[in-house]
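Work through the exercises below with the model open beside you. Try each task before you read its solution.

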Amino acid sequence: MGRRQTIDRGTILDAAEQVVLRDGAAHLTIDAVAAEAGVSKGGVLYAYASKDILIDAMLERVVAVYDKLAEQFLAEAGDHSERHILAHVQASAGADPTSGGRAAALMASFIRSPQFRSSTIDYYRGLFARIDPATERGRRARLALLAAEGAFTLRGFGLHPFSDAEWQAIHDDIIAVLLS
């Protein structure tokens, strides 16, 4: 019978995120994550066999949180032809500043790598593929998606400190455009 795992994978991911947010992606090393998590290098490697696997897990966790929000809104969106865009905008509105900032920082840190960039490209390609820009409704959906992503980027990178009320009002306006 093997020894029970005592290294919490979530703790390792939290530590890796802290390293990236504090020091930048260039400083993400197994040693740095181990020091941040208070575990051995072997403990990190036991949980995540390589740095690439760790990065994949970090990005998957960010996407999973966002997807969970989007799925909630998608279930509530009904049979609206741009319901995926509506769900995306609503999920963006519902993301707290901390998780949004973390998502933006992680994406920016790893987007330069073709390996990690392709999943983000695929995600946005899928969103835009649901839009028919030949129709008025499709053009509004495209505008809504671009506006939501712009607001997310400004807030996520700390380029504009939207208050919670302003953040909600922006998304209310985007949703009004989308549903008009």
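What share of the 180 residues in the protein chain do buried residues make up? Buried residues make up 39% of them. Here buried means under 20% relative accessible area, exposed means over 50%, and partly exposed lies in between, with a 1.4 Å probe and protein chains only.

Two notes on the basis. This is a predicted model, in which local features need pLDDT of at least 70 and side-chain atom pairs count only at pLDDT 80 or more, while totals for chains, interfaces and linings use all residues. Residues are numbered from 1 along each chain as its sequence is written, and side-chain values use heavy atoms, with hydrogens and water left out.

**Exercise 1. Describe the overall fold elements and surface of the protein chain.**

Step 1. Count the elements. The protein chain has nine helices and zero strands. Helices (H or I, at least four residues) and strands (E, at least two) are DSSP runs, numbered from the N terminus.

Step 2. Read the order. From the N terminus on, the run is α-α-α-α-α-α-α-α-α.

Step 3. Check the contacts, meaning heavy atoms within 4.5 Å. Take those between residues at least 6 apart in sequence: 62% of them join residues at least 24 apart.

Step 4. Take the surface. The accessible surface comes to about 9,900 Å², and 56% of that belongs to carbon and sulfur atoms. Accessible areas come from the Shrake-Rupley method with a 1.4 Å probe; for residues, only the protein chains shown count as cover.

**Exercise 2. Compare the settings of three salt bridges.**

Step 1. Fix the criterion. A salt bridge is a side-chain nitrogen of Lys or Arg within 4 Å of a carboxyl oxygen of Asp or Glu. The structure holds nine.

Step 2. Start with Lys41 and Asp31. Their closest N and O atoms are 3.9 Å apart. Lys41 lies in helix 3 (residues 41–47) and Asp31 in helix 2 (residues 30–37), so the pair ties together parts that are 10 residues apart in sequence. Lys41 counts as partly exposed because its relative accessibility is 42%. Asp31 is also partly exposed, at 46%.

Step 3. Go to Arg139 and Glu136. Here the closest N and O atoms are 3.1 Å apart. Both residues lie in helix 8, three residues apart, about one turn of the helix. Arg139 is partly exposed at 35% relative accessibility, and Glu136 is partly exposed at 46%.

Step 4. Finish with Asp164 and Arg155. Their side chains meet at 3.2 Å, N to O. Asp164 is exposed, with a relative accessible area of 56%. Arg155 is buried, at 12%.

**Exercise 3. Find what surrounds Trp167.**

Step 1. Look for aromatic partners. A pair of aromatic rings is described by the distance of the centres and the angle of the planes. The structure holds one aromatic pair. Phe162 and Trp167 form it, 5.8 Å centre to centre, with 45 degrees between the planes.

Step 2. Classify the pair. Rings of Phe, Tyr and Trp (its six-membered ring) pair if their centres lie within 6.5 Å; planes under 30 degrees apart count as stacked, over 60 as edge-to-face and the rest as tilted. The Phe162 and Trp167 pair is therefore tilted.

Step 3. Check burial. Both Phe162 and Trp167 are buried.

Step 4. Look for a charge. The charged end of Arg155 sits over the ring of Trp167, 4.2 Å from its centre. The criterion is NZ of Lys or CZ of Arg within 6 Å of the ring centre and within 35 degrees of the ring normal.

**Exercise 4. Trace contacts of Arg61 and Ile175 that are distant in sequence.**

Step 1. Place Arg61. Arg61 is found in helix 4 (residues 51–77). Its relative accessible area is 24%, so Arg61 is partly exposed.

Step 2. List its contacts. Not counting residues up to four places away in sequence, Arg61 touches Gly10, Leu13, Asp14 and Glu17. Arg61 and Leu13 are 48 residues apart in sequence but 8.6 Å apart in space, C-alpha to C-alpha.

Step 3. Place Ile175. Ile175 is found in helix 9 and is buried, with a relative accessible area of 16%.

Step 4. List its contacts. Leaving aside neighbours within four places in sequence, Ile175 is in contact with Leu86, Val89 and Gln90. Ile175 and Ile85 are 90 residues apart in sequence and 9.5 Å apart in space, C-alpha to C-alpha.
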